[in-house]
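Colleague: Mind walking me through this one? I'd like to ask about its core, its salt bridges and its surface.

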Amino acid sequence: MKKSTITIIAIVGVLAIIVFWVIGVNNKLVTQEENVSKAWSQVENVYKRRMDLIPQLVNTVQGAANYEKGVLTEVTNARAGVQQTQVDPSQLSEQQIAAYQKAQDNLTKALANTIKVTVERYPELTATQGFRDLQTQLEGTENRITVERGKFNEAVQAYNTKLRRFPTSLIAGMLGFEKKGYFTAPEEAAEPVNVEFNF
């Protein structure tokens, strides 16, 4: 064989190895990005469950008591804020996650205030099976939200780690892959919880 033929074969072989490596890196990143999107869908799923429970909570309380308009307005406004805050699952930037999280945190506070005011003002309501069941469902939903947010953060961590590791980091930007945002604890979470029993 001629030297030029061997050189051409060697160059083609090296190029083939590089192409297959880039394809492999791309496929792994796509798989992990899809895992992040799947985890995000689960987060949205449990938040949707909570959104669906809110009208039931309001109707249950209204049916048993003359509900305070201020508390109802707070829940209604927070729920509307959540509905207006949309996140593009293909982006999931830190800013989008933070805005979404802030809207959800506002709704969490409004719901907590609603239940607290309701229980304090209308103790007879807590004795009804419907209210207890609904309260249990909301508590369960909040636990599911925590679990799914944790799973989402794990998927984001795996993806972001793969994205930043050498040699993947060399070509990830060229292929259009970008870092994803995490859910973080709100600033108020660092403050101690004030537990009150008003009997």
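Modeller: Sure, here are a few questions and answers on this structure. It's a predicted model, where local features need pLDDT of at least 70, side-chain atom pairs count only at pLDDT 80 or more, and totals for chains, interfaces and linings use all residues. Residues are numbered from 1 along each chain as its sequence is written, and side-chain values use heavy atoms, with hydrogens and water left out.

Colleague: Which helix gives the most to the largest nonpolar core?

Modeller: That core (buried Ala, Val, Leu, Ile, Met, Phe, Trp, Tyr and Cys joined through side-chain atoms within 4.5 Å; buried means under 20% relative accessible area, exposed over 50%, partly exposed in between, 1.4 Å probe, protein chains only) has 22 residues. Helices here are DSSP runs of H or I, at least four residues, numbered from the N terminus. H3 (94-121), H5 (129-164) and H6 (168-172) are among those supplying at least two residues each. The top contributor, with eight residues, is H1.

Colleague: Lys180 forms a salt bridge with which residue?

Modeller: A salt bridge needs a side-chain nitrogen of Lys or Arg within 4 Å of a carboxyl oxygen of Asp or Glu. Lys180 is buried at 3% relative accessible area. At 3.1 Å, N to O, its partner is Glu33.

Colleague: In the Glu148 and Lys151 salt bridge, is Lys151 buried or partly exposed?

Modeller: The two meet at 4.0 Å, N to O, and both lie in H5, three residues apart. Glu148 is buried, at 13% relative accessible area. At 45% relative accessibility, Lys151 counts as partly exposed.
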